[in-house]
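Thanks for coming. I have one structure to go through today, and I will keep it short.

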Amino acid sequence: MTVTRDHIRAGFEKLPRFKLSHLNTPLEPLDRLRQTLIDEGVSVPNRMLVKRDDVTGLAFGGNKGRHFEFEIAHILEGGFDTVININHYHSNQARFIAAGCAKAGLKYHIVSIDMVTAPITGNLLLCKLMGAEIHRAPADYGRQVAEKIFARVEAEGGKPYILPDDPFVDLMGTIGFLETGLELEEQFENAGVEGPVRMWGLTGRSIAGLRLYAKNRGLDWRATAVQYSPGSIENFQQVTADRGTQVAEMFDLEVGLDGSDLIVLDAYRGPAYGEPDEGVIEAILKVGKAEGLILDPNYTGKSMSGLIGELREGRIDPDETICFIHSGGLPQLFAHADKFVD
Ligand SMILES: Cc1ncc(COP(=O)(O)O)c(C=O)c1O
């Protein structure tokens, strides 16, 4: 027994949504990258593809463009008029909320909690252009600053919402990518993809949605995520499985997720979140030169460094089709420009 596509589609029809993205995103071959690796003597699977979620459109695109269609609708349903967010200097999520709030006519405050003296470029610059009020504070004070803004907005008669306090924020990414499953299944059929597929990239929310889709549709899609920041893999797998199971309940699916559904690699995360290592720089240059495809240093560059690394080590089943998920993150490339100077 498998869950039908119509059943999954029906689940989406019931869910409030605020349109932010151009969907479907393209699925494209990575033939020249594949050939570059073959020329190096690396053994590669027959097919390598990229799902172009960097071209969802609004505010330079990315996987969060899918997530926030549900989140913005959820905020509007709650009757809020002001969104307060706390996130890192490099945060792409901060940018997408700015875009969603601008389109929905919501006021937006971003408390940016690290690298407080780093230049306003990349995502923070875009937040500013989209009308966000930026508050820069060291991580230990981020919460305090957010609560002060909350109290002030309330005192002025507004209805504020602190985004990280709402558990729905962690589910909407998995929901967004459950829908990507519908898109990809059809795209694989049209492209004649046969046999096992390995989804590559992303972290806990999005890739969980793809794995959840595959399990419920009886498809042999496997999932590898590369860690972007420190943290215990077991904990990460458990949190992801819990989210998957909650979404399975929401959509009345047959199976949820468990810890073993997601392979997580920690060898490619670099020195810290937002800090690429040499493998990332090499991966970005290689993919740019081979495909004219731009990756970012914080997320997709780390994922690609992991894919190239695992291929070189011969640890990928040659029968699998690789589906690399390009999740965007491009504005932040410019905050790392110095790392590409010879
Ligand atoms: C460009 C990019 N890729 C991947 C991720 C991780 O995605 P997920 O929310 O699915 O864990 C993020 C999250 O910030 C991101 O900005």
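How far apart do the C-alpha centres of domain 1 and domain 2 lie? In this predicted model, the distance between those centres is 26 Å.

For orientation, the domain assignment gives domain 1 as 5–63 + 169–340, and domain 2 as 64–165. Each domain puts residues into the contact: 29 residues from domain 1 and 29 residues from domain 2. On the side of domain 1 that touches domain 2, there are 13 nonpolar, 14 polar and two charged residues.

Next, the ligand. Its shell consists of 15 residues, and the closest are N92, T203, S206, S327 and G329. By class, 11 residues of that shell are polar, two are nonpolar and two are charged. Where does the ligand lie relative to the two domains? Domain 1 and domain 2 both give residues to the shell, so the ligand lies between them.

Last, a pair of helices. Helix α4 covers residues 92–104 and helix α5 covers residues 122–129. Their axes come within 9 Å and cross at roughly 15°. The cut-off for roughly parallel is an angle under 35 degrees, and α4 and α5 are therefore roughly parallel to each other. The crossing of α4 past α5 is left-handed. On the α4 side the contact is made by N92, A94, R95 and A98, and on the α5 side by N123, L126 and C127. Sorted by class, the residues of this contact are four nonpolar, two polar and one charged.

Note that N92 has come up twice: among the residues closest to the ligand, and in the contact of α4 with α5.

Key. Residues numbered from 1 in each chain as written. Predicted model: local features only at pLDDT ≥ 70, side-chain atom pairs only at ≥ 80, totals over all residues. Near = placed C-beta within 6 Å. Nonpolar A, V, L, I, M, F, W, Y, C, P; charged D, E, K, R; others polar. Domains from an automatic or database assignment. Axes fitted to C-alpha atoms, helices over the stretch in contact; angles between N-to-C directions. Helix = DSSP H or I, 4+ residues; strand = E, 2+ residues; numbered from the N terminus. Parallel < 35°, antiparallel > 145°, perpendicular 65-115°, else oblique. Left-handed = near helix turned anticlockwise from the far one by under 90°. Contact = placed C-beta atoms within 7 Å.
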